[in-house]
Amino acid sequence: PHLSAILVGADGASETYVASKIKNCKEVGFESSLFRFPDTVTEAELLDKINSINNDSSIDGLLVQLPLPKHISVQRITETISPEKDVDGFHPLNQGRMVQNLPCYLPATPYGIMLMLEHEGITTAGKHCVVIGRSNIVGMPMSILMSRNADPGNATVTLCHSRSTDLSAITRTADILIAAIGKPRFVTSDMVKEGAVVIDVGIIRIEDSSTKSGYRITGDVDFENVAPKCSYISPVPGGVGLMTIVGLLKNTLRAAKGEVKFSF
Ligand code: NAD
């Protein structure tokens, strides 16, 4: 399998994510290639590169690391990637198929979370799952996957977002609580039911002069105070971030095998 990544600009977090994806490819014996562009690149230049990768039969999967500079349309970039090479699972054709439970590439983060639930043998059927956050890449697809007629899945799902009122009253009823917000330690222990499964998607860099890099990574959940109440909780770092890589690599392997076809 061969994964290609496009990286625009020199954002520190994006550099780190792409570097770890490339490193993980090496670890599992996949080929990888990285195409770098300055943040002055035009949208047309990027679209050209994507089209040439789409037509390159030696490359199985392609991701464009987000965020992109403001002058570039994320939608146009996402929709130009061939859905058969869309190993991030962001293309509307893949997301449409996901909704209908048809063969597709699932978005890597929600896919990784489903694999995590499966691996730990956590029952989801009939449970109340509360997802906080409705982004196209995490919260929204997560809510769909948990409600699909599948295993894991078959949960009763509530999707909360920035306009939800009385959030704590909702989260306290969650058997499975998935936080994908991007606000450090937003989920506090009073928001969590005793025995709940808590999955923390957040990755937030906060300044910390005591570390070599000058920052540390934290999640959306106040781990120290929430963990004692939980039956399971995923840490940050070392939880969903790693599983996202697993989701991406599995998608790349499936792409190399040609498992998802869009032309009939
Ligand atoms: P986003 O900014 O696109 O979405 C955040 C969501 O949180 C929005 O839907 C918003 O409605 C909701 N929200 C914001 N404030 C809220 C509030 N006060 N109450 C309820 N809901 C609120 O973010 P995203 O791309 O979904 O990412 C979320 C977090 O997950 C970020 O920290 C990101 O870095 C992280 N992330 C991690 C991985 C991973 O591999 N672990 C992958 C993708 C994103």
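**View 1. Val226, a buried residue in helix 8.** In this predicted model, Val226 has a relative accessibility of 0%, so this valine counts as buried, the cut-off being under 20%. Its home is helix 8, which covers residues 223-226. Which residues touch Val226, once its neighbours within four places in sequence are left aside? The contacts are Val187, Thr188, Ser189, Val192, Val198, Val221 and Ile233. Take a moment to find Ser189: 37 residues separate Ser189 from Val226 in sequence, while their C-alpha atoms are 4.5 Å apart in space.

**View 2. The largest pocket and its lining.** Here we turn to a pocket with a volume of about 1300 Å³, the largest in the structure. Its lining is made up of 47 residues, and those closest to the centre are Tyr17, Thr109, Ile203, Gly241 and Thr244. Sorted by character, the lining has 26 nonpolar, 14 polar and 7 charged residues.

**View 3. Helices and strands around the largest pocket.** Which elements each give at least two residues to this lining? Three are helices: helix 1 (12-27), helix 5 (108-119) and helix 9 (240-256). The strands are strand 3 (61-64), strand 8 (204-207) and strand 9 (215-218). Helix 9 provides the largest share, with 8 residues.

**View 4. The second largest pocket.** This pocket holds about 260 Å³ of space. Look for Leu106, Tyr111, Met114, Leu145 and Arg148, which lie nearest its centre among the 16 lining residues. The lining of this second largest pocket divides into 9 nonpolar, 2 polar and 5 charged residues. Helix 5 and helix 9 each contribute at least two residues here, and helix 5 gives the most, with 4. Both helices also supply at least two residues each to the lining of the largest pocket.

**View 5. Two buried cysteines, Cys25 and Cys104.** A disulfide is a covalent bond that joins the sulfur atoms of two cysteines. How many disulfides does the structure hold? The count is 0. Cys104 is in no disulfide, and the nearest cysteine sulfur, which belongs to Cys129, is 18 Å away. Is Cys104 buried or exposed? Its relative accessibility is 5%, so Cys104 counts as buried. Cys25 is buried too, because its relative accessible area is 0%.

Note on methods. Residues numbered from 1 in each chain as written. Predicted model: local features only at pLDDT ≥ 70, side-chain atom pairs only at ≥ 80, totals over all residues. Heavy atoms only, no water. Disulfide = S-S within 2.5 Å. Buried < 20%, exposed > 50% of the residue type's maximum accessible area, 1.4 Å probe, protein only. 1 Å grid on protein atoms, 1.4 Å probe; cavity = no way out; pocket = protein on both sides within 12 Å on 5 of 7 lines; lining within 4 Å. Points joined across faces, edges and corners; volume = space filled by probe spheres on them. Nonpolar A, V, L, I, M, F, W, Y, C, P; charged D, E, K, R; others polar. Contact = heavy atoms within 4.5 Å.
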